[in-house]
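Please walk through the structure shown here, beginning with its aromatic rings and ending at a single residue in a loop.

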Amino acid sequence: NAGIKKRAPRAVVCCSELAKPFIEDLQSQYARRPVPGFFFLAGGQVQVDRVLQEGDEIDIGFPVQVLSTPGHSADSISLYLPRQSVLITGDAVPFAQDVPIYEDLPALNQSLKKLSAVGAKHMISAFAGYVSIPNEDPFGTALRYLDKVREAVREFGPADVQNEKARAEFVLKRLGIESPVLPFVITSLKQHERTE
């Protein structure tokens with residue numbers, strides 16, 4: 001956001017109400033989501049110009065509809081461009097070749113079903129880039145991925161604070177993902193305990 005504002009100072013920064021404090025105060029976002037290289041990736045904090053919510057429509061020369069899609073995070077929104085049949089999902093749709101990153105598994109499942117029901121033909125995702133929906137079914141793929149994560153968590157068995165890292169290593173290996181165990185992976189796997 002900061003990079004865009006630097007190059008285009010008149011750009012309007014929009015987000016959900018819950019995302020606003022994180023965009024305007026990067027320290028608070030980092031405290032909640034300690035992603036490696038976070039401050040470099042974020043590029044700086046900016047002021048939010050407009051708060052968006054479910055059902056809002058933005059006119060940028062064509063309509064853009066706002067969809068609340070929590071799960072990855074509570075503040076997640078997606079944008080639908082009906083004329084172009086394009087969904088911009090950001091982080092809302094998990095990518096099967098990446099580490100599990102979500103805060104609320106039941107909400108994520110509902111958001112995936114909601115996005116699928118939109119009937120878009122194209123998706124732009126932070127994780128997977130451009131996806132042709134009729135050819136790939138990203139929502140079904142994401143739901144199957146979540147099932148695989150759940151199966152691996154069950155296979156490992158219950159975890160406590162002492163073996164959360166071991167469980168995460170086990171799950172990542174089962175998924176065929178080479179990655180260090182980051183705090184948000186452990187958080188994501190705990191979601192599967194809560195929904196059993």
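Across the whole structure, a search finds four aromatic pairs, where rings of Phe, Tyr and Trp (its six-membered ring) pair if their centres lie within 6.5 Å, and planes under 30 degrees apart count as stacked, over 60 as edge-to-face and the rest as tilted. One of these pairs joins Tyr-30 to Phe-38 in a tilted arrangement, with 5.6 Å from centre to centre and 40 degrees between the planes. The pair of Tyr-30 and Phe-39 is likewise tilted, because the ring centres are 5.0 Å apart and the planes stand at 45 degrees. Ring pairs thus link Tyr-30, Phe-38 and Phe-39 into a cluster.

This is a predicted model, in which local features need pLDDT of at least 70 and side-chain atom pairs count only at pLDDT 80 or more, while totals for chains, interfaces and linings use all residues. Residues are numbered from 1 along each chain as its sequence is written, and side-chain values use heavy atoms, with hydrogens and water left out.

Within the cluster, Phe-38 is buried at a relative accessible area of 8%, whereas Tyr-30 is partly exposed at 33% and Phe-39 is partly exposed at 37%; buried means under 20% relative accessible area, exposed over 50%, and partly exposed in between (1.4 Å probe, protein chains only).

Turning to the loop, Asp-104 lies between strand 6 (86–90) and helix 5 (105–118), these being DSSP runs numbered from the N terminus (helices H or I, at least four residues; strands E, at least two). Asp-104 is partly exposed, at 33% relative accessibility. Leaving aside residues up to four places away in sequence, Asp-104 touches Gly-71 and Gln-191, contact meaning heavy atoms within 4.5 Å.
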